[in-house]
Each structure stands twice: as C-alpha cells, then as structure tokens.
Amino acid sequence: MARHIDIEEQPGEALEEAVRILKAGLPVAIPTETVYGLAADATNPAAIARIYETKGRPQFNPLICHMASVAMAEQHAVFDPISRRLAAAFWPGPMTLILPLRQDSPIHSLATAGLETVGIRLPKGFASVLIEKLGKPLAAPSANSSGKISSTSAAHVEADLGQKIDLILDGGSAPVGVESTIIKVESDSSVRLLRPGGLVADEIERVIGVKLIRPAAASAAIEAPGMLASHYAPGASVRLKASSVQKGEALIRFGRQAVEGEANAVAVFDLSPSRNLTEAAANLFDYLKLADASGANTIAITPIPSTGLGEAINDRLERAAAPRS
Ligand code: TXA
Ligand code: MG
C-alpha cells in the first residue's frame, strides 16, 4: 500500500513529501481537476522511465507536461497566436495544447517520446502549487495501468497502482472526471481536436472563431499516439446504446426513466438522474469501475447525447466497448 496524504488536512506535509520523492526521481500520484495523474520530474529520464514501467505503458506514447504558469510553459514550448489565446482563455483548466518543443527546453525526450512537439497543460489547484514548489514541469499521464480506466479518486489509484508507488496525494473526487481536451493548432484555419475532453469543444470554437477539425475515427490513434481504439477497458464487456437489460448484466443509465428488464440487472448506476452531462462526466469512471466490480459479465449503458461534454463521455465509452487486442 502507498502512503496517503490528504492535501486539505495536511497541505504542508503533502507538499514537502511530494517534493522530496519527486526530487529522488520517483513518481507521485497527484489529484488534478480532470483525473489523478502519475507525476514525475519531466527533465529526469530515470523518473520518466518509472512512470512507463509503473503503468506498463508503451514508450512511444508521449506524456503531457504540466506547468505552473504560462511563463513557465513559454520556457518549454513555442506558442503561436491562437494557442496563446486559448491558453489565456482556458488555463488553468482541462485543456492540453500540442506545441513545438523549444530546443533549449530541459524536458527529456522520453517524456515526448522523441517527438518535436510537447503536450502542455496548466492544471488547477494543488498540482499547480506542487509544480511551482518543485520548479520543474511534471510529466503526468493518468494514474492507471495502461489501457485501464483512469482514476478519479485516491482509492482508485490505490486499487490499481498502490503496490507500485510510494505516495498518493488525496484531493477527493476529481471534479471534472474525464481527461483534458487535447488541441493542436496547425494554422489560423486548421485547429485539430485530438481528444475530446473536459473542456467542451463549443467553448473552444467560440474563442477561436473556427470549427475544430475532428479526426476520422480510424486515424485517431496516429494523431495522438495514446488514442488507441481499445482503452479505458473494464474487465467486463461493454454494450452501448442499450434499451434493455439482460440477465447477468450491470446497468449504467443516464436519467431516471426505467429501462426494460432492469430487474434483471446485477447492479444499477445512474450517471445523472437529472440528465446533466457535467454530473455524468464526474461519475463516469467511478461507475464503470463499480459496475465492473459487481461481477456482471457485461455492462449495458443507455444512450448519452453527444453534445457538449457528451462528446468526451461517448469517446471514452466507445473505447471501453472496443474489441480488445
Ligand atoms: O487530464 C489529463 O489530460 C490527464 C491529467 C493527469 O493531466 N492526463 C492524461 O494523460 O490524460 P494521458 O497520458 O493518459 O493522455 C495523454 C494523451 C495521450 O493520448 C498522448 O498520446 C497524447 O496525450 N499526447 C501527449 N503528447 C503528445 C504530442 N506531443 N502529440 C500528440 N499527442 C500527444
Ligand atoms: Mg490515460
């Protein structure tokens, strides 16, 4: 079991211990507003190697580097005017920008998987305080075994990675619940949505005044190397757009109305009784894990609108339901 420190009850201790472990070249699990991250010093190759090893993650899949301020981000990446405008509008927050890596940046090539670009995000809250105190960017993928469901609580991190890491900072439930939206600006008229996420695409389009280019489903894996078709996979199989429940299945529904055969369900979860997508995103990974733990062979999930945050929710559900390699 990892050591747990509650960041609200013991902020000083949490900060000191995390900095000590990060400086020793080891990863620490930290809360962010989207999901928990497994963080390490982005300039230390041995520390980054520990992240890949702990998650069982392929090393061709680059990590997001987290910054404490825009000034710090500018030391590591080259900003174009649109990316700068997005940063001003949405950072700190659930948005990652893919930008050219500065040649003089000390971010190690293991964090960027050798690419000439780097994924950068300014997280909200305690993570930002920690980065400021360490004085270096933190490379941090989601704190889960590669291919599994992301962690939105310290308990999720403990269950998945607790045997492999020293410290988990406990910041309660992650408020957004899905990972950051990943954006790459190619030119004034070509801005790509590489991963839908916690920042709704409409809001981005409102700021930049052009439509985001979405990847064709098949090419998504190439644009953001981590976007493999099968991801977020629970142990049980996943059946989407369900209108009824079969014996032995668990049910995840969206909204109060009864679903045919509901009495057959091994367990029932409601992402949002009032059909609120923000609430549904915050509950998504927790309920997938609980449904998986219910012993069901299949998790049946009712349709969820793909507007607003529904785009990110449906993206994660499609990957959870994809055939496993
Ligand atoms: O909300 C989040 O983004 C969370 C928290 C911890 O910040 N992090 C997260 O990291 O979701 P991860 O590693 O699970 O997903 C990062 C994604 C991967 O799909 C990776 O391929 C992509 O970002 N990525 C990172 N750097 C990239 C780059 N230079 N070019 C294209 N894609 C990149
Ligand atoms: Mg992940």
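**Ala-113**

I started with Ala-113, which sits in the loop between β5 and β6 (117-121). The model is a predicted one, and I read every entry below with that in mind. Ala-113 has a positive phi of about 55°, although it is not a glycine. I noted the background: most residues other than glycine have a negative phi. I then looked up how much of Ala-113 is open to solvent. Its relative accessible area is 25%, so Ala-113 is partly exposed.

**Arg-275**

I looked for another positive phi outside glycine and found Arg-275, with a value near 60°. Arg-275 belongs to the loop between β13 (268-270) and α9 (277-293). The relative accessible area of Arg-275 is 42%, so I put it down as partly exposed.

**Trp-91 and Pro-92**

Next I checked the peptide bonds. The general expectation is that most peptide bonds are trans. The bond joining Trp-91 and Pro-92 is cis, with omega at about -5°. Pro-92 is in the loop between α4 (81-90) and β5 (95-100).

**Helix α1**

Does the length of α1 fit its residue count, or does it not? I compared the expected span with the model. The 13 residues of α1, at 1.5 Å a residue, should span 18 Å, and the C-alpha atoms at its ends are 18 Å apart, so the two agree.

I then listed which residues of α1 are buried: Ala-14, Leu-15, Glu-17, Ala-18, Val-19, Ile-21 and Leu-22. I noted that Glu-17 is on this list. Among the elements covering these buried residues are β1 (3-6), β2 (28-30), β3 (37-41), α5 (126-134), β7 (138-139) and β8 (167-170). Just after the helix, Gly-25 takes a positive phi of about 85°.

**Ile-5 in β1**

Since β1 helps cover α1, I looked up one residue of that strand. Ile-5 lies in β1. At a relative accessible area of 1%, Ile-5 is buried. Leaving out neighbours within four places in sequence, Ile-5 is in contact with Gln-10, Glu-13, Ala-14, Glu-17, Leu-167, Ile-168, Leu-169 and Asp-170. Two of these, Ala-14 and Glu-17, I had already listed among the buried residues of α1. I also took one distance: Ile-5 and Pro-94 are 89 residues apart along the chain, and their C-alpha atoms are separated by 24 Å.

**Nonpolar cores**

Which residues of the largest nonpolar core touch the most other members? They are Leu-86, Trp-91, Leu-97, Leu-130, Leu-169 and Ile-183, out of 68 residues in that core. The helix that gives the most to this core is α1 (residues 11-23), with 6 residues. Apart from this core lies another, of 31 residues, including Val-238, Ala-250, Leu-288 and Leu-309. I added the general remark that nonpolar side chains tend to be buried together in soluble globular proteins.

I followed one member further. Ile-183, with neighbours within four places in sequence left aside, is in contact with Leu-86, Met-95, Thr-96, Leu-97, Ile-98, Val-191, Arg-192, Leu-193, Ile-204 and Leu-212.

**Loop between β7 and α6**

I looked up two serines here. Ser-151 is in the loop between β7 and α6 (154-161). With 0% relative accessibility, Ser-151 counts as buried. Residues up to four places away aside, Ser-151 touches Val-35, Tyr-36, Ala-143, Asn-144, His-156, Val-157 and Lys-289. Lys-289 is 138 residues from Ser-151 in sequence, yet their C-alpha atoms are 9.4 Å apart.

Ser-145 is also in the loop between β7 and α6. Its relative accessible area is 16%; under 20% counts as buried, so Ser-145 is buried. Beyond four places in sequence, Ser-145 touches Lys-55, Asp-160 and Leu-161.

**Helix α6**

I then read on into α6. The buried residues of α6 are Ala-154, His-156, Val-157, Glu-158 and Leu-161. What covers them includes β1, β2, β3, α2 (45-55), β8 and α9.

**Cavity**

How many cavities of 30 Å³ or more are there? The count is 1. About 40 Å³ of space lies in the largest cavity. The residues lining the largest cavity are Thr-181, Leu-193, Pro-196, Gly-197, Leu-199, Val-200, Ala-201, Gly-308, Glu-311 and Ala-312. By class, that lining has 6 nonpolar, 3 polar and 1 charged residues. I had met Leu-193 before, as a contact of Ile-183.

Key
Residues are numbered from 1 along each chain as its sequence is written. Chains are lettered from A and ligands numbered from 1 in the order in which they are written. This is a predicted model: local features need pLDDT of at least 70, side-chain atom pairs count only at pLDDT 80 or more; totals for chains, interfaces and linings use all residues. Side-chain values use heavy atoms; hydrogens and water are left out. A nonpolar core is a set of buried Ala, Val, Leu, Ile, Met, Phe, Trp, Tyr and Cys residues joined through side-chain atoms within 4.5 Å. Buried means under 20% relative accessible area, exposed over 50%, partly exposed in between (1.4 Å probe, protein chains only). Helices (H or I, at least four residues) and strands (E, at least two) are DSSP runs, numbered from the N terminus. Contact means heavy atoms within 4.5 Å. On a 1 Å grid over the protein atoms alone, a cavity is a set of points where a 1.4 Å probe fits but cannot get out, and a pocket is an open set with protein on both sides within 12 Å along at least five of seven lines; lining residues have an atom within 4 Å of a point. Grid points are joined across faces, edges and corners, and a volume is the space filled by probe spheres set on the points. Ala, Val, Leu, Ile, Met, Phe, Trp, Tyr, Cys and Pro count as nonpolar, Asp, Glu, Lys and Arg as charged, and the others, Gly among them, as polar. The expected span of a helix is 1.5 Å times one less than its number of residues.
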